[in-house]
Amino acid sequence: MSGVQDEALGSATASSGYTQRLARLEKAGIRRLLPTQAPYRWNLRRLRLGRVLDVGCGLGRNLLNCGPDSVGVDHNAHSVAMCRERGLTAYTPEELAEAPECGPGSFDSLLCAHVLEHMDEDLAQSVLEQYLPLVKPGGSVVLITPQEAGYRTDATHVRFVGFEELDRHAQKAGIAVARTYSFPFPRAVGGVFPYNEFVLVGRVAG
């Protein structure tokens with residue numbers, strides 16, 4: 001997310017402070033004691049996404065659970081640096097555009113998790129359409145957003161993105177929706193459990 005996109009997002013998610021906040025949250029509360037990422041790791045791996053482009057990869061929480069040749073991209077250079085410290089391959093948008101191994105059709109899948117809710121609808125759509133050409137025809141697309149309780153936990157969230165909004169993004173981008181589901185618990189839990197997610201799985205037009 002660069003240029004106009006960085007400007008539109010402002011400093012809220014591009015600052016070193018935001019990266020530090022994400023790092024603190026990784027070690028906060030119950031996460032220090034229990035393998036809380038296990039269900040989400042299982043959910044990604046069962047989708048068999050192959051080589052993934054993780055758009056808005058943050059600190060690499062999901063990228064860690066993708067194939068070893070997967071790549072993250074994030075407009076926050078501080079987060080990209082932390083991904084690299086963890087041994088992950090991550091780029092800023094400008095760097096990704098110059099990376100020879102990341103050209104059109106070079107990825108099996110696109111993952112965009114907990115990103116779209118940080119943007120208005122037009123910007124979110126432009127981000128998806130910016131990166132979709134890097135996915136091979138017929139490749140997978142996975143869009144993930146927080147449900148109500150999770151949405152309330154972050155002041156940088158600007159728009160609630162549920163199943164209806166995800167479907168609209170997919171249709172506009174030419175993504176064929178295969179299925180949508182609530183994870184890890186049924187939809188009714190989303191009002192109280194902050195880690196319940198909307199998930200859309202689709203395919204790039206081939």
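These are my notebook entries on what I looked up in this predicted model.

**Entry 1: the whole chain**

I started with the overall numbers. The chain has 206 residues, and 47% of them count as buried. I found eight helices and seven strands in its secondary structure. Next I checked the surface: the accessible part comes to about 9,600 Å², and carbon and sulfur atoms hold 56% of that. I also looked at how far apart in sequence the touching residues are. Taking contacts between residues at least 6 apart, 68% join residues at least 24 apart.

**Entry 2: how confident is the model?**

The mean pLDDT of the chain is 89, with 85% of residues at 70 or more. Where does pLDDT stay under 50? I noted residues 1-10, a stretch with 23 contacts in the model beyond four places in sequence. Residues 30-35 also have a pLDDT below 50, and that stretch makes six contacts beyond near neighbours in sequence.

**Entry 3: the sheet**

In what order do the strands of the sheet come? I wrote down S3-S2-S1-S4-S5-S7-S6, an open sheet of seven strands with mixed pairing. At the edges sit S3 (90-91) and S6, each pairing on one side only. Helix H3 (residues 38-46) packs on this sheet and touches S4, S6 and S7. I noted about 155 degrees between the direction of H3 and that of S6. Then I looked up helix H8 (residues 163-173), which lies across S5, S6 and S7. For H8 the angle to S6 is about 160 degrees. A reminder to myself: strands of a sheet pair through backbone hydrogen bonds, in a parallel or an antiparallel way.

**Entry 4: strand S7 and its partners**

S7 covers residues 197-204. Why do I call S7 largely enclosed by the rest of the structure? Because seven of its eight residues are buried. On to the partners of S7. Strand S5 (residues 135-146) runs antiparallel to S7, and seven bridges join the two. Here I found Ile 144 opposite Val 199. Strand S6 (residues 175-183) also pairs with S7 in the antiparallel sense, over eight bridges. I picked out two pairs between S6 and S7: Ala 176 has Arg 203 as its bridge partner, and Ser 182 stands opposite Phe 198.

**Entry 5: Cys 112 and helix H6**

Is Cys 112 buried or exposed? Its relative accessible area is 0%, so I put it down as buried. Cys 112 lies in strand S4 (residues 107-113). Leaving out neighbours within four places in sequence, I listed its contacts as Val 55, Leu 128, Val 142, Leu 143 and Ile 144. I then followed up Leu 128. Its C-alpha atom is 8.3 Å from that of Cys 112, although the two residues are 16 apart along the chain. Leu 128 is one of the buried residues of helix H6 (residues 121-131). The others I noted are Leu 123, Ala 124, Gln 125, Val 127 and Tyr 131. I also looked at the start of H6, where a side-chain oxygen of Asp 120 comes to within 3.2 Å of the backbone nitrogen of Asp 122.

**Entry 6: Thr 13**

Last stop: the loop between helix H1 (4-9) and helix H2 (16-26), where I found Thr 13. Thr 13 has 9% relative accessibility, so it counts as buried, the cut-off being under 20%. What does its side chain join up with? I found a polar contact of 2.8 Å to the side chain of His 75.

Conventions
Residues numbered from 1 in each chain as written. Predicted model: local features only at pLDDT ≥ 70, side-chain atom pairs only at ≥ 80, totals over all residues. Heavy atoms only, no water. pLDDT = per-residue confidence, 0-100. Contact = heavy atoms within 4.5 Å. Helix = DSSP H or I, 4+ residues; strand = E, 2+ residues; numbered from the N terminus. Buried < 20%, exposed > 50% of the residue type's maximum accessible area, 1.4 Å probe, protein only. Polar contact = N/O pair within 3.5 Å; in protein donor to acceptor, adjacent residues only side chain to side chain. Pairing = 2+ DSSP bridges. Axes fitted to C-alpha atoms, helices over the stretch in contact; angles between N-to-C directions. Areas by Shrake-Rupley, 256 points an atom, 1.4 Å probe, with all protein chains shown as cover.
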